[in-house]
Amino acid sequence: MKTVCNFIVLTSAILCAAAHAENWAGWRGPNRNAVSPEKSIPTTWSENEGVCWRSRLPGTGISSPVIWGDRVFLTSSDGPKQDNLHIICLSRRDGRELWHQRLWGTSPTRYHATKSSMASPTPVTDGKHVFAFFGTGDLFCFDVDGHLIWHRSLASEYGRFENRFAATSSPLLCRDMVIVQCDHYGDSYAVAVDQNTGADRWRIERPDAWLSWSSPQIVPVGDTGKHELLLCGSLKIDGIDPQTGSKLWTVGGMQQECIPTPVFGHGLIYAVSGPGGKSLAIRAGGRGDVSDTHVVWENSRGVPFVPSAILVGDLYYLVDDNGIATCLDAHDGQRVWQKRLPGRYTVSPIGTHQHIYFFNEDGETIVIRANHTKFEQVSRNRINEAVFASPAISQGNLFIRTTKELLCIGPD
Amino acid sequence: MRMADVTMASPLMIAGLYPRLCAAVVLLAHVSVTSAIQADEIDELIAVIAKAGPQGSGSVAARQSSRRLTKQGIEILPRLLRAMDTPNIVAANWYRSAYESIVSREAAKAEPEFPVAFLQKYARDSKRQGRPRRMVLSLLDKLTPTYRDSILSTLLDDPEFCTDAVDLVLRQGYQALAQGDVEKAKTNFQAAFKYARDVGQLTGAVDRLKAIGVNVNIIERMGFVTRWYLLGPFDAPGRSGFDESFPPEKSVDISASFSGKDGAKIQWKLSQTEDRLGQVDLMQAIAPVKEAVGYAYAELNCPQDQNVQLRCGADDNLSVWLNGEKILARRQWLNGTRLDRFTAPALLKKGKNHLLVKICQGPQHKNPAVPNNWSLQLRFCDETGYAADFESALPKAAR
């Protein structure tokens, strides 16, 4: 009976999310797949054209902007140790700051000089609360008006974080829990926290896991109504029961250090880790080590280290850190096309059902037509600032975070 | 409002640094009387927040208390800041949430009434937690923009502002050099070397001093262990070495010999690294091998018990035992030895301490162009990075 109830709650949540498809509620937007259902998203802009507004941001951060209704939520960090944390809410309409919370982080770590900070994980919202996780090992819950609801200092409770590029894993909302994957040099773990109280619902040790930056993902299991939590890192991807934290299955074949977040479609999990690794298409629903039974296809072409992949229709797109874009057939993994794009890539591509946007580190965006079996560039747009944060799509606009500002691209 | 908060503002006004505080002090004195009834209640709200802690405990009560504190005026700032001086970061953030609202509201006034003297004293007080002191100094940057530079040179040994202060004296040293004043530059760079905790600042000071003919010992300054007995290679196929236990993990007998990789007889041999930052290249010091395990053993004499930090790195990975207790183990392979990559608390005892390190060497990277490094770097220091008080008890190695 409990399972049925949970299924109803989850189904309701999914339906609810669909009704608010114009929102970009967390890392990689709807279903964490980075594909917006919207249609009229701008494909051309420049430094001075097509920019609805721009808002200066404090500190540094590569976390994505998160949009719900008329609010945009962002995080950043600054200070000599990067332990001064910011959670900012802007007006979606004009970029005006609505509120700005400043808090301390527990355990700042090493970070990449340009490509990361303690504000690398993207916050997530359900429209009532905002959950922000930082590389300092702190998880905060605010209401959407900026009032602190609770704070968990995971680094105080479970050991300081040890990381060379700062933790990047973005929190995931699942039922009434917020789930965080903490894979680092020290004792790694994943924890599900009660959204209302901040207390642990479950916490699992990950003794075989070490430093990784991938974010958790949740996927349905066929037509069973059940869901599985995916944790990618340390040479494997694990399927977890999201209700209890129990491990259900494992597939090997990932790299030692994993960054991309898996995506889901056609009943398959698409996981990738590089460099030198491979893309795997995996059937959910296994038990034990299912490396030999549930991997539907694998392909080692164009595998990125940092950017996550994107699945639009029947095609699976990757861009590696050096700009090699690869399109694979989502059903069999066969190469459809491969093309060198300009620049280097940290940002994970985003898209609609019409277009895919590849953002390079120099602030250039290559827009291509989606779901075409040939590479077809639609536009090449440039802004004069570096971009390391994955952008968002919401309500007809693109939101691009540069190293200094948030730009809203598109109609007023 | 406690009277102490009011009187602390007075010397500043006399100094004329912040004339608008004249009005503020009158008001604060007034508030100290009119809000005296509320003082206990403010303290109660602060005490409630102090109980916030792990697992989100105390959040509901802390939220209510923080919201009530947020509605108070600037007069509660000193009490809020004293409360913020806590190692409980969860409570500190609840206080800060109220602090930011109060400060923001006050700053928006035409004539803000910040207790500047209290803030300055608070920022200088090195016994308090660093994070609220830095936050207060940032506020003072807006209220009294010259204050930071006026105190930084006195904070060279301050646990929070040391890096800022050293940065200042380094800049002064560069300026002196540019002006041809070598003696002044030398004084500045020596001060930077003496007080710096940041490795970039330390090596910068060392380089500048060397350029003007002054040699200093960065190894002692940072607390590197450079003198070791080394043993290896033991055979460890693939990545089995991390979990496999070899004889030194049971006991260390410097005179013993063992059967090593490919059946070769191996013995402990004394070694001293000459690397600038104490890195030990095991490919040279033991053997250029793959899929192996090596051990490094040191004895350290300490004049007293010290709670210190172990900071270390290794390629591929390492496990560390201090006086027979494993205090750190990091499994990850293909690490690259990076300064201070791993840290762990450690107790160095008075007298002789026994330090054993196991360093694993994995298979060749699948890209044959990736160098097959095998190395170790280890030091003991305080939490700020200043060398712990120890010296090697091993004999000097023959050069």
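What follows is a chat between a biologist and a modeller about a predicted model.

Biologist: Let's start with chain B. How many helices and strands does chain B have?

Modeller: Remember that we're looking at a predicted model. Chain B has 399 residues, and 42% of them are buried. Its secondary structure comes to 14 helices and 13 strands.

Biologist: Which domains does the assignment give for chain B?

Modeller: Start from the low numbers and walk along the chain. Residues 3-150 form domain 1, and then 162-216 form domain 2. The last one in the assignment, 223-392, is domain 3.

Biologist: How far apart are the centres of domain 2 and domain 3 of chain B?

Modeller: For this you take the centres over C-alpha atoms. Between domain 2 of chain B and domain 3 of chain B, that gives 32 Å.

Biologist: Now for some helices. Are α4(B) and α6(B) roughly parallel or roughly antiparallel to each other?

Modeller: Helix α4 covers residues 59-70 of chain B and helix α6 covers residues 89-107, with their axes 8 Å apart. The angle between them is about 20°. Angles under 35 degrees count as roughly parallel, so α4(B) and α6(B) are roughly parallel.

Biologist: By class, what residues does the contact of α4(B) with α6(B) have?

Modeller: From α4(B) come Ala62(B), Ser66(B), Leu69(B) and Thr70(B). On the α6(B) side, the residues include Trp94(B) and Ile102(B). Sorted by class, the contact has five nonpolar, four polar and no charged residues.

Biologist: And how do α7(B) and α8(B) lie to each other?

Modeller: The axes of α7 (residues 116-124) and α8 (residues 130-143) of chain B come within 9 Å and cross at roughly 135°. That angle is neither over 145 nor in the 65 to 115 range, so α7(B) and α8(B) are oblique.

Biologist: How do the residues of the contact of α7(B) with α8(B) divide by class?

Modeller: Among the residues from α7(B) are Val116(B), Leu119(B) and Gln120(B). Those from α8(B) include Arg133(B), Val136(B) and Leu137(B). Altogether they divide into nine nonpolar, one polar and one charged.

Biologist: Last topic, the contact between the chains. Which element gives the most to the side of chain A that touches chain B?

Modeller: The contact takes 26 residues from chain A and 26 residues from chain B. On the chain A side, β5 (97-104), β9 (148-153) and α2 (154-158) each supply at least two residues. With six residues, the one that gives the most is β9(A).

Note on methods. Residues numbered from 1 in each chain as written. Chains lettered and ligands numbered in written order. Predicted model: local features only at pLDDT ≥ 70, side-chain atom pairs only at ≥ 80, totals over all residues. Helix = DSSP H or I, 4+ residues; strand = E, 2+ residues; numbered from the N terminus. Buried ≥ 20, exposed ≤ 12 C-beta atoms within 10 Å, placed from the backbone. Domains from an automatic or database assignment. Axes fitted to C-alpha atoms, helices over the stretch in contact; angles between N-to-C directions. Contact = placed C-beta atoms within 7 Å. Nonpolar A, V, L, I, M, F, W, Y, C, P; charged D, E, K, R; others polar.
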